[in-house]
Amino acid sequence: MLSIPLEIRQIYETGLVSGKSGRTYEVRDAIDREEGDFLFNLIRHDPTICRTLEVGCAHGISSLYICSAIRGRDGASHTILDPFQHSEWDAVGITNLQKAGIDFFTLIERKSELALPLLVDRMEGAFDFVFVDGRHTFDHTLLDCFYATRLLRVGGYLAIDDVGTFQGVRRAVDFLINYPCYQLNGSVSTPIRRSWRNRVVRTAMATVNRSTWAGILSDRFYGRIFDDLVPRMVALKKVAEDRRNWDWHDETLSLTDAKLGQHDCQTPSQSANRPTLSEDLT
Ligand SMILES: C[S@@+](CC[C@H](N)C(=O)[O-])C[C@H]1O[C@@H](n2cnc3c(N)ncnc32)[C@H](O)[C@@H]1O
């Protein structure tokens with residue numbers, strides 16, 4: 001089993017990266033180690049993952065993790081969509097990849113909402129893994145995931161970052177997990193530290209069955225009272241073709257229903273023993 005590459009460890013240790021101009025910057029907006037390890041392990045555990053796609057590169061930390069995990073596999077290729085890699089990020093992301101000796105990536109400097117539909121035209125069902133970490137509005141995230149669903153083959157994975165940080169991303173993921181073609185595969189989550197007031201409310205409410213509250217309260221309010229973990233990064237597995245009917249609409253489930261595991265970080269092997277999202281509810 002490969003370990004986390006030296007380049008990534010050095011970046012986390014120094015907190016510094018450098019760009020094409022030679023200037024040095026503090027790392028920002030990147031996934032953290034736990035999230036990176038989660039992506040790396042998910043990909044390493046599945047040797048069929050060779051073709052990967054990423055929305056949002058910035059300093060290239062997630063790119064380094066993903067590329068390191070597929071490195072050496074037959075047909076390994078990584079596609080990156082980021083319109084601002086040169087204009088705003090001084091090409092730090094791709095500089096990091098080049099320094100790590102990674103030469104199997106393609107950077108497309110276009111906005112994902114415009115580039116993804118073009119990719120679908122040429123590469124529908126061709127990707128094994130898609131990571132979404134671009135513009136974090138509800139509609140951008142939903143669009144990225146909509147096209148990612150078409151770009152992924154059955155058996156591929158969709159990972160989404162910042163689910164707990166941005167309400168728009170959370171809403172998009174809450175909607176997406178209702179797609180019949182997806183199963184929750186794992187997550188990186190943070191335990192919630194509860195105030196004494198919240199614990200009192202929770203204890204008082206525990207006199208009534210939780211499923212009753214679930215039917216009465218909004219998802220958001222239910223989550224604030226009963227969730228033990230906040231998901232930060234989520235991975236879904238595409239388990240079937242997306243064959244929703246033209247009038248499909250379903251918002252029955254949300255991540256709150258998923259009862260995320262007690263482990264902060266669930267690798268696919270750990271999550272394999274967990275019930276699926278739909279089984280959780282039965
Ligand atoms: C949070 S950062 C990505 C961090 C990176 N995934 C990592 O962990 O190292 C978000 C990135 O999305 C890019 N971005 C912003 N709008 C975008 C769009 N419409 N399409 C694609 N990428 C976009 C930004 O330039 C930025 O690099």
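This text walks through the helices, the ligand shell and a few unusual backbone spots. The model is a predicted one.

Start with the ligand. Its shell holds 23 residues, and G56, A58, I61, S112 and G134 come nearest. Ten residues of the shell are nonpolar, six are polar and seven are charged. Two helices, α3 (61-70) and α5 (112-123), each supply at least two residues of this shell. Both of these helices also pack against another helix, so take them in turn.

Helix α3 is mostly covered: ten of its ten residues are buried. They are I61, S62, S63, L64, Y65, I66, C67, S68, A69 and I70. I61 thus appears in the list of buried residues and among the residues that come nearest to the ligand. Just after the helix, G72 has a positive phi of about 90°.

The partner of α3 here is helix α2 (residues 33-45). Two packed helices are described by the angle between their axes and the distance between the axes. For α2 and α3, the axes come within 9 Å and cross at roughly 25°. Angles under 35 degrees count as roughly parallel, and therefore α2 and α3 are roughly parallel to each other. Their crossing is right-handed. On the α2 side, the contact is made by G36, L39, F40, I43 and R44. On the α3 side, I61, S62, Y65, I66, S68, A69 and I70 take part. Eight residues of this contact are nonpolar, three are polar and one is charged.

Now turn to α5 and helix α6 (residues 138-151). Their axes come within 9 Å and cross at roughly 10°. This pair is therefore roughly parallel too. From α5 come S112, E113, L116, P117, L119, V120 and M123. From α6 come H140, L143, D144, Y147, R150 and L151. This contact divides into eight nonpolar, two polar and three charged residues. S112 is one of the contact residues of α5, and S112 is also among the residues that come nearest to the ligand.

Stay with α6 for one more residue. L142 lies in this helix. Is L142 buried, exposed or partly exposed? L142 has 18 C-beta neighbours inside 10 Å, so it counts as partly exposed. Buried status would need 20 or more. Leaving out residues up to four places away in sequence, L142 touches A172 and F175. F175 is 33 residues from L142 in sequence, yet their C-alpha atoms are 8.6 Å apart in space.

Next comes helix α4 (residues 92-99), which is mostly covered, with six of its eight residues buried. The buried ones are V92, G93, I94, T95, N96 and L97. What covers them includes α1 (6-14), β1 (16-18), β2 (24-26), α3 and β5 (105-108). So α3, itself mostly covered, is part of the cover over α4. G101 follows α4 and has a positive phi, near 75°.

Finish in the loop between β4 (77-81) and α4, where D90 is placed. Most residues other than glycine have a negative phi. D90 has a positive one, near 50°. A91 is found in this loop as well. A91 is not a glycine either, and its phi is positive at about 55°. How exposed is D90? With 18 C-beta neighbours inside 10 Å, D90 counts as partly exposed. A91 is partly exposed, with 18 other C-beta atoms within 10 Å.

Notes. Residues numbered from 1 in each chain as written. Predicted model: local features only at pLDDT ≥ 70, side-chain atom pairs only at ≥ 80, totals over all residues. Helix = DSSP H or I, 4+ residues; strand = E, 2+ residues; numbered from the N terminus. Buried ≥ 20, exposed ≤ 12 C-beta atoms within 10 Å, placed from the backbone. Contact = placed C-beta atoms within 7 Å. Near = placed C-beta within 6 Å. Nonpolar A, V, L, I, M, F, W, Y, C, P; charged D, E, K, R; others polar. Axes fitted to C-alpha atoms, helices over the stretch in contact; angles between N-to-C directions. Parallel < 35°, antiparallel > 145°, perpendicular 65-115°, else oblique. Left-handed = near helix turned anticlockwise from the far one by under 90°.
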